[in-house]
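Grab a coffee and work through a few exercises with the structure open beside you. Try each task before reading its solution.

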Amino acid sequence: MSDNPDTHDLNSDVLRLYSSSGHEFVLSRKMSYVSGTIKSMLSGDNSNFMEDQNNEIRFREISTPVLEKVIQYFYFKNKYTNSTTDLPEFPINEKVVVDLLLAAHFLDT
Amino acid sequence: MMAKPNGKIQFKNLQSHGVLADPDFPKRTWKLLKTAMRQIHQQNASNLSFEELYRNGYNMVLQKHGDLLYNNLKKMVDKHLEAVAKTVSESIDEKFLLELNSSWINHKTSMLMIRDILMYMDRNYVKQNNLSSVFDLGLYLFRDNVAHCSTIKDRLLNTLLSMVQKEREGEVIDRILIKNIVQMLIDLGVNSKSVYIEDFEKPLLLKTSSHYQAQSQTLIQTCSCPDYMKKVEVCLKEELERVSHYLDSSSEPKLKEVCEKQLISNHMRTLIDMENSGLISMLKDDKIEDLKRMYNLFSRVADGLNLMRDVISGYVKEIGKGIVMDEEKTKETGTYFQSLLDLKDKYDNLLQNALYNDKQFIHSIQQAFEYFINLNSKSPEYISLFIDEKLKKGLKGVSEEEVDIILDKILMLFRLIQEKDVFEKYYKQHLAKRLLLGRSISDDAERNMIAKLKTECGYQFTSKLEGMFTDMRLSQDTMSGFKTYIQNLKKALPIDLNVHVLTTGFWPTQNTANCNLPREILLCCEAFKSYYLSNHNGRLLLWQTNMGTAEIKANFPSKSHELQVSSYQMVILLLFNDQSKLTFKEIADQTGIPTTDLKRNLLALTNPKNKILERELAAATATATATATAATTTTTTTTTTAGGPSSSSTATPTPSKSIDESDVFIFNTKFKSKLFRVKVMAVVQKETPVEEKETRDKVDEDRKHQIEASIVRIMKARKTLEHSNLVSEVIKQLQSRFVPNPVIVKKRIESLIEREYLERSKQDRKIYNYMA
């Protein structure tokens, strides 16, 4: 959950995430490390899973709106961790709240 | 979202959508995972989707199939490792460790990957059921299936031990491989080092112990002590390197202990006692390097230094005793002391260069010195004599710093003397002689010495000595005053008189049976006396004729000479102005010099070297006719003030080639000397037994007073005190001067009670009260 800056190769810094419907999101690897699951998927010791090689992860069970919200949260979390300013509210649409909760659990976020 | 999913939020009633309640689900999922894990085990994971595997593992646990997943995983890894163990145990000798190592590395990688995809199981199922995490499970399984496999365990141990042994024998081994294997054993203990300790460290220590036991046995029989120590140093260094190269750092103290025990502890005594190369001969030959080595090695083990210290101190005592008790050396005070100083130098050097100035060593060597210096009751006298010698001539042409160094060294030995008051007595005597006879070469050196004694023993100790210096200075002033006085009187004195006025108590005055001074001198003395008393009313001047010196001119038939003699000798010689032949008795009657002193001085005058007088035995008839026109006294030095009489000697010891009371003395007209000034040797500087006893008595008398003073001081402060406490306090107070005997202290207490300074308490006779 915490932001752990990793010394991963800068060339592979771009990570693509796909929702269940195939929608593509592009973000920095570092941001995604907010999720424990993604982090171990990508930075496990010599694991070399498919995801690590291709720099893309396909989430078969996360819908586009939920994944978008999750990524928003990644940036939100990165921005305000160790920040001294007051924490603004993180807006969540009530309709996705349960799905979001499940996704968060899955992603260990 | 902000909440941490740490198990508090449960999703028991929620089912992940997309996964239907499919009865085949667990089986199907496991099959999928199993295939994936096989591929992981084969290092072939690039086709696997982490997301898929993770999702499956996640769903399995979520749908309460965690136990199935966990147990199946265990079974699978178990089976895999069995195969691994088989491969490893079938590998041939050299490849064995390599094979084991590579399968360990692979296993670790695989387990890390499996752990990652089953992360959700670790987080939930494992935690809730208090099981080992996936990775730890992998370690346990590897330990049980591979490391502890019957075909591997012993083989592994033996291989490791034989490699270590090979290295000890000088072969080169693959340290990195061993390090990896050792690290594996450490890892297999999971959270402790138990596997490493049980499987490797303990046997290694045993092996090491027996190895060095055998080796040290051979070495000690074939090597000299220094060689042995050098070899031990090398061994110990190698073992430490071994630890840093491939053992766990926690093994270092254990390994060190084993080695030190076998190599050092077990052989300390043998090493020390080794003939021709052991500790004693190292000391004898000043083997600083070897001693340092021994110190370093012995400091590693318990009691090592104690043993070494005891032996050194015993040896120093023995050597010191040899010097102190050596009849030959004690005769020659110079060499006696010089050898002590040399000894001290030697051990100071040793302490500094080999023993790192170890406080305990310093202390025990100090004690050894103290022990033997005080063995010889004459040590205080000798120290004083040694200083006397140095100050009289030994320091000529030596720079001030060097003088300082010499004096400091002497003081170091002085510090060890218990009977400092005896020293003071002698020092006073010697100082008096130096001052009165003008023998001291450097006033600065004298004052330096006094200053050192003062810092060492305090003001009280040197106040009298300082008083002596003051007297000397005052006398100089008095003399110049006297000279002016004489000039003003316009009256020339027949001789040049130089008087030192000494304060009683400061100087070691002896009772003097005053001798009969010649008329000319008496005249001068009277003149001085009247001058002095006119300036200092109410004082009493006493002449100490035994301490003076004189220069007289003697006209021998062939040549005239100037003779430097003592006052007594002068008095004797002047008699021969009137008569050429005198019997002993006549001399004694006319001069009034005490028999002992007279004999001594006559002996000096008849000494074959400077034969001013000739001696004839009683029966012999004098044939030589002497025309003695002798002796005009030029200078006399005499001394004085009111002095309390002390015991006089009645026994007459006969100095060598004794003078008989019936001897007859004749002025030697045939006296010849190349020199114009002839110095008549003073006789017998050393104390006769009687004088020695006298000094001793005086010291004892002084001590009585000091003890009493100390008792009164203490009682005045404390008012009441128990006997034993009082005694110990007295001893403590006087320690800097001498060590009082408790029996004597007790006597002094009794005497004080008699004189009503103290009284015994009525309740308890052991308690004293101070009476104001």
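Below are six exercises on this predicted model, each with a worked solution.

**Exercise 1. How far to trust it**

Find the mean pLDDT of each chain, and work out where the pLDDT drops under 50 in chain B.

*Solution.* Start with the overall scores: the model has ipTM 0.82 and pTM 0.64. Next, go chain by chain. Chain A averages a pLDDT of 79, with 84% of its residues at 70 or more. Among its elements, α3(A) has the lowest mean, 79, while strand β2 (residues 24-28) has the highest, 89. Residues 1-11 of chain A sit below 50, and that stretch has 16 contacts in the model beyond near neighbours in sequence. Chain B has a mean of 78, and 87% of its residues reach 70 or more. In chain B, residues 1-19 stay under 50, with 21 contacts beyond four places in sequence. Residues 618-656 of chain B also stay under 50, and here the model has 111 such contacts.

**Exercise 2. Take stock of the two chains**

Count the helices and strands in each chain, then look up the share of buried residues.

*Solution.* Chain A first: five helices and three strands. Walk along its sequence and you get β-β-α-α-α-β-α-α. Of its 109 residues, 33% are buried. Now chain B, which has 30 helices and 11 strands. Of its 772 residues, 34% are buried.

Last step: how much of the contact map is long-range? Take contacts with a separation of 6 or more in chain A, and 69% of them join residues 24 or more positions apart. Apply the same cut in chain B and the figure is 75%.

**Exercise 3. A covered helix**

Is helix α2 (residues 36-43) of chain A mostly covered or mostly open?

*Solution.* Go through the helix residue by residue, calling a residue buried if 20 or more other C-beta atoms lie within 10 Å of its own. The buried ones are A:T37, A:I38, A:K39, A:S40, A:M41 and A:L42. That's six of eight residues, and α2(A) is mostly covered.

**Exercise 4. Two residues with positive phi**

Locate A:N55 and B:D303, and decide for each whether it counts as buried, partly exposed or exposed.

*Solution.* Take A:N55: its phi is near 60 degrees, a positive value in a residue other than glycine. A:N55 lies in the loop between α3 (50-54) and β3 (56-58) of chain A. It counts as partly exposed because it has 15 C-beta neighbours inside 10 Å.

Now B:D303, another non-glycine, with a positive phi of about 70 degrees. Its place is the loop between α14 (288-298) and α15 (304-325) of chain B. B:D303 has 11 C-beta neighbours inside 10 Å, so it counts as exposed; the cut-off for exposed is 12 or fewer.

**Exercise 5. One residue and its surroundings**

Which residues does B:I114 contact, leaving aside its neighbours within four places in sequence?

*Solution.* Place the residue first: B:I114 is in helix α4 (residues 93-117) of chain B. Then check burial: 26 other C-beta atoms lie within 10 Å, so B:I114 is buried. Its contacts, with those sequence neighbours left out, are B:M37, B:I40 and B:V134. One more distance to check: the C-alpha atoms of B:I114 and B:L73 are 9.4 Å apart, with their positions 41 residues apart along the chain.

**Exercise 6. Two helix pairs**

For α3(B) with α6(B), and for α2(B) with α5(B), say whether the helices are roughly parallel or oblique, and look at what makes the contact.

*Solution.* Start with helix α3 (residues 66-90) and helix α6 (residues 134-147) of chain B: the angle is about 40 degrees and the axes are 9 Å apart. That angle makes α3(B) oblique to α6(B). The crossing is right-handed. On the α3(B) side, the contact residues include B:V77, B:L81 and B:V88, and they meet residues of α6(B) including B:L137, B:L141 and B:F142. By class, this contact has nine nonpolar, two polar and three charged residues.

Then do helix α2 (residues 50-62) and helix α5 (residues 119-128) of chain B, packed at about 15 degrees with axes 8 Å apart. This makes α2(B) roughly parallel to α5(B). Here too, α2(B) passes α5(B) in a right-handed crossing. B:Y54, B:G57, B:Y58 and B:V61 of α2(B) make the contact with B:M119, B:Y120, B:M121, B:N124 and B:Y125 of α5(B). Sorted by class, that gives seven nonpolar, two polar and no charged residues.

Key
Residues numbered from 1 in each chain as written. Chains lettered and ligands numbered in written order. Predicted model: local features only at pLDDT ≥ 70, side-chain atom pairs only at ≥ 80, totals over all residues. pLDDT = per-residue confidence, 0-100. Contact = placed C-beta atoms within 7 Å. Helix = DSSP H or I, 4+ residues; strand = E, 2+ residues; numbered from the N terminus. Axes fitted to C-alpha atoms, helices over the stretch in contact; angles between N-to-C directions. Parallel < 35°, antiparallel > 145°, perpendicular 65-115°, else oblique. Left-handed = near helix turned anticlockwise from the far one by under 90°. Nonpolar A, V, L, I, M, F, W, Y, C, P; charged D, E, K, R; others polar.
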